[in-house]
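I opened a fresh page today and went looking through one model, a few topics at a time. Here is where I put my notes.

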Amino acid sequence: MPIKRTTFTRRRKAVANVVQPSTSSHVVTAAGLQIRALRIKLGLTVQELAAQANVSTAMVSKIENGYVEASVGCLENLARALNVPITELFAQLYEEHDCTYARAADAPKDVIIPGYQSQRLGHTVLGRLRAEFNLITLTERVINFDLLGRTGANFIYMLAGHVLFRCGSQTFLLAKGDSLLLNLTDLHGPEEIIAPPVAFLSVCAFLLG
């Protein structure tokens, strides 16, 4: 029995409908992630966004996951539904982000005074805001107060030991798992080690200039 030509035709049609990934994957991925973020920010489901943009739900899902490169008209409809200019859909392409990786063996260690060690884990700058991340280790009784006079905050998270920590006119007994958030303009620092060794993470954020 000869093979029916209709069978071959149907198979070719099914293959033609398979969505192929776009070659400009970086742009497609960035736009899809931004659309998803904006949709979630507005509290919309995929179905609700699709309805407002007059786009199929399947298409919105494919765009968000970076499977297809949407047409300009489709993006305009999505931007209008999200109440943003179309350029906002590509905002991530023009933003610079820092990612810092530091191996433990290579991290610089600065011994300020005997018994006090500061290990710089990294820092980042966002506009005028600078954030510094340090691991502080205390091995013996030490008094080290800071009065930086900067506009910002210092977050401390205890990793080990017990220490009496001064913040302005107050003192706090900090143990593993405790945290302290303080103003950089206040006199602050470890006043007395109760149970050495003491280790805590210090995150300092302040304005430049």
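My entries below cover cysteines, a helical contact site, an aromatic pair and a surface patch.

**Entry 1: Cysteines**

I kept in mind from the start that this is a predicted model. I looked for disulfides and found zero in the structure. I then checked how two of the cysteines sit. C74 has a relative accessible area of 13%, and C167 has one of 12%. Both values fall under the 20% cut-off, so I noted C74 and C167 as buried.

**Entry 2: I35 and E64**

Next I turned to I35, which I found in helix 2, residues 25-41. Is I35 buried or exposed? I read 0% relative accessibility for I35, so I wrote it down as buried.

I also wanted to know what I35 touches beyond its neighbours within four places in sequence. My list reads L49, I63, E64, L75, L78, L82 and L89. For one of these partners, I63, I looked up the separation: I35 and I63 are 28 residues apart in sequence, and their C-alpha atoms are 8.3 Å apart in space.

E64 caught my eye as a charged name on that list, and I35 and E64 are indeed in contact. I placed E64 in helix 4, residues 57-64. Its relative accessibility is 5%, so E64 counts as buried. Again setting aside neighbours within four places in sequence, I noted that E64 is in contact with G32, L33, I35, R36, R39, V46 and L49. L49 appears among the contacts of I35 and among those of E64.

**Entry 3: Aromatic rings**

How many aromatic pairs are there? I counted one aromatic pair. F165 and F200 form it, edge-to-face, with 6.1 Å from centre to centre and 90 degrees between the planes. The pair links distant parts of the chain: F165 lies in strand 4 and F200 in strand 7 (residues 188-207), 35 residues apart. I checked burial too, and F165 and F200 are both buried.

**Entry 4: A nonpolar patch**

Last, I went to the surface. Which residues make the nonpolar patch there? I wrote down F155, Y157, L159 and L181, which together make a patch of about 370 Å². Strand 4, residues 152-167, gives the most to this patch, with three residues. L181 has its place in strand 6, residues 179-183. I read a relative accessible area of 63% for L181; that is over the 50% cut-off, so L181 is exposed.

Methods
Residues numbered from 1 in each chain as written. Predicted model: local features only at pLDDT ≥ 70, side-chain atom pairs only at ≥ 80, totals over all residues. Heavy atoms only, no water. Disulfide = S-S within 2.5 Å. Buried < 20%, exposed > 50% of the residue type's maximum accessible area, 1.4 Å probe, protein only. Patch = residues over 30% accessible without salt bridge, like charges linked within 9 Å, V, L, I, M, F, W, Y side chains within 5 Å. Areas by Shrake-Rupley, 256 points an atom, 1.4 Å probe, with all protein chains shown as cover. Salt bridge = Lys/Arg side-chain N within 4 Å of Asp/Glu carboxyl O. Helix = DSSP H or I, 4+ residues; strand = E, 2+ residues; numbered from the N terminus. Contact = heavy atoms within 4.5 Å. Phe/Tyr/Trp six-rings, centres within 6.5 Å; stacked < 30°, edge-to-face > 60°.
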